[in-house]
Amino acid sequence: MKDGLKFAAIDIGSNAMRLLFMRVIVNSKPIFIKESLMRMPLRLGHDAFRYGEITQKTAQKFMSTIKGFNSLIKAYDPIDIRACATSAMRSSSNGINLVKKTMLDTGLDIEIISGKEEANLIIANHIERITRPDFYYIHIDVGGGSTEISVICNKQVISSKSFSIGSVRLLENKVGKIDWSKMKKWIRKNTSDLAPIIGIGSGGNINKILSILGKKKGDKIKVPSLSKTVEKINLLNYKDRIIKLGLRPDRADVITHAGLIYRNCLVWSGAKNIIVPQVGLPDGIITKLFLDYQKDNKIS
């Protein structure tokens with residue numbers, strides 16, 4: 001116990017797959033230490049949103065990645081692990097078959113979680129740390145295949161919804177005017193009477209925009225600054241985004257799409273800025289694993 005508790009989380013997203021190893025030191029307040037984060041740029045969303053299924057070639061790459069992750073997990077030897085798949089798997093007709101094959105080949109149990117469960121896991125990780133009881137917040141998590149939005153008051157989620165608008169879907173031209181209209185209508189309906197309201201953003205693209213602006217974890221980005229940054233990136237071609245900004249190839253082609261989603265959500269809600277705590281689904285998964293372990297083992 002003095003060396004902490006080890007946990008692992010797998011996030012199977014639409015733009016990439018991630019494996020997080022984290023050690024939790026039990027103290028008066030638990031200390032979460034990220035020991036390793038691995039990211040595999042396997043874009044499941046390309047197949048899922050274009051063809052409605054994961055193609056055989058991509059499925060083979062997926063299985064190779066999962067088997068690699070599984071070997072690392074065995075070496076790390078965590079006390080608990082959870083693997084969650086999101087929008088791409090939800091949208092794939094053969095997603096369940098891939099989950100079953102993973103269980104047979106590796107013993108890993110993958111959960112295809114709903115957008116609501118995804119939002120709850122992400123929010124649970126940091127809501128207590130950065131929200132104040134005298135403010136309203138709109139939490140925006142932009143992924144490759146979907147955007148999860150939650151409205152928070154007094155550290156409680158008062159409304160939430162998942163929308164099939166994501167950076168990879170936009171790249172693949174799979175988002176229509178009606179999709180944007182539904183998001184806009186829901187946001188305005190659920191935030192029109194709330195003030196002051198502040199945005200909270202999660203996802204790899206908003207984390208990168210924060211870094212481009214020279215800001216650090218937990219800082220705020222004002223809406224005009226977000227808009228200008230996205231516009232500047234948009235002026236660069238794909239190659240220059242990689243060379244001049246140091247973006248990964250699978251980030252360079254979707255970051256402006258994600259930026260547009262964040263900007264629209266903030267403008268429609270009336271939020272003037274967005275806090276970026278730089279946490280995501282893997283962090284939330286491990287927070288939940290620890291809280292469950294703490295409860296089951298009666299650790300105070």
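K155 is partly exposed in this predicted model, with a relative accessible area of 23%, a value that falls between the 20% below which a residue counts as buried and the 50% above which a residue counts as exposed. The residue is found in the loop between β7 and β8, and its backbone deserves attention, since phi of K155 is near 65 degrees, a positive value in a residue other than glycine. The loop that joins β7 (147-153) to β8 (156-163) also holds N154, which likewise is not a glycine and yet has a positive phi of about 50 degrees. With a relative accessible area of 45%, N154 is partly exposed. As background to such backbone values, most residues other than glycine have a negative phi, and most peptide bonds are trans.

The second half of that background leads to another loop, the one between α8 (177-191) and β9 (197-202), where P196 is found. The peptide bond that runs from A195 to P196 is cis, and its omega is near -5 degrees.

From the backbone we can turn to the space that the protein leaves open. Rolling a probe the size of a water molecule over the atoms shows where empty space is left. The largest pocket holds about 730 Å³ of space, and among the 39 residues that line this pocket, R18, G203, G204, N207 and R251 are the closest to its centre. Several elements contribute two or more residues to the lining, namely the strands β2 (17-25), β3 (31-40) and β6 (136-142) together with the helices α5 (115-124), α9 (204-212) and α14 (281-296). The largest share of the lining, 5 residues, comes from α9. In terms of residue character, the lining of the largest pocket divides into 18 polar, 11 charged and 10 nonpolar residues.

A last feature concerns the packing of helices. Two packed helices are described by the angle between their axes and the distance between the axes. For helix α10 (residues 223-235) and helix α13 (residues 255-269), the axes come within 10 Å and cross at roughly 155 degrees. Angles over 145 degrees count as roughly antiparallel, and α10 and α13 are therefore roughly antiparallel to each other. The handedness of this arrangement completes the description, in that α10 passes α13 in a left-handed crossing.

How values were computed
Residues are numbered from 1 along each chain as its sequence is written. This is a predicted model: local features need pLDDT of at least 70, side-chain atom pairs count only at pLDDT 80 or more; totals for chains, interfaces and linings use all residues. Side-chain values use heavy atoms; hydrogens and water are left out. Helices (H or I, at least four residues) and strands (E, at least two) are DSSP runs, numbered from the N terminus. Buried means under 20% relative accessible area, exposed over 50%, partly exposed in between (1.4 Å probe, protein chains only). On a 1 Å grid over the protein atoms alone, a cavity is a set of points where a 1.4 Å probe fits but cannot get out, and a pocket is an open set with protein on both sides within 12 Å along at least five of seven lines; lining residues have an atom within 4 Å of a point. Grid points are joined across faces, edges and corners, and a volume is the space filled by probe spheres set on the points. Ala, Val, Leu, Ile, Met, Phe, Trp, Tyr, Cys and Pro count as nonpolar, Asp, Glu, Lys and Arg as charged, and the others, Gly among them, as polar. Axes are lines fitted to C-alpha atoms, for helices over the stretch in contact, and angles run from 0 to 180 degrees between N-to-C directions. Angles under 35 degrees count as roughly parallel, over 145 as roughly antiparallel, 65 to 115 as roughly perpendicular and the rest as oblique. A crossing is left-handed if the near helix is turned anticlockwise from the far one by less than a right angle, and right-handed if clockwise.
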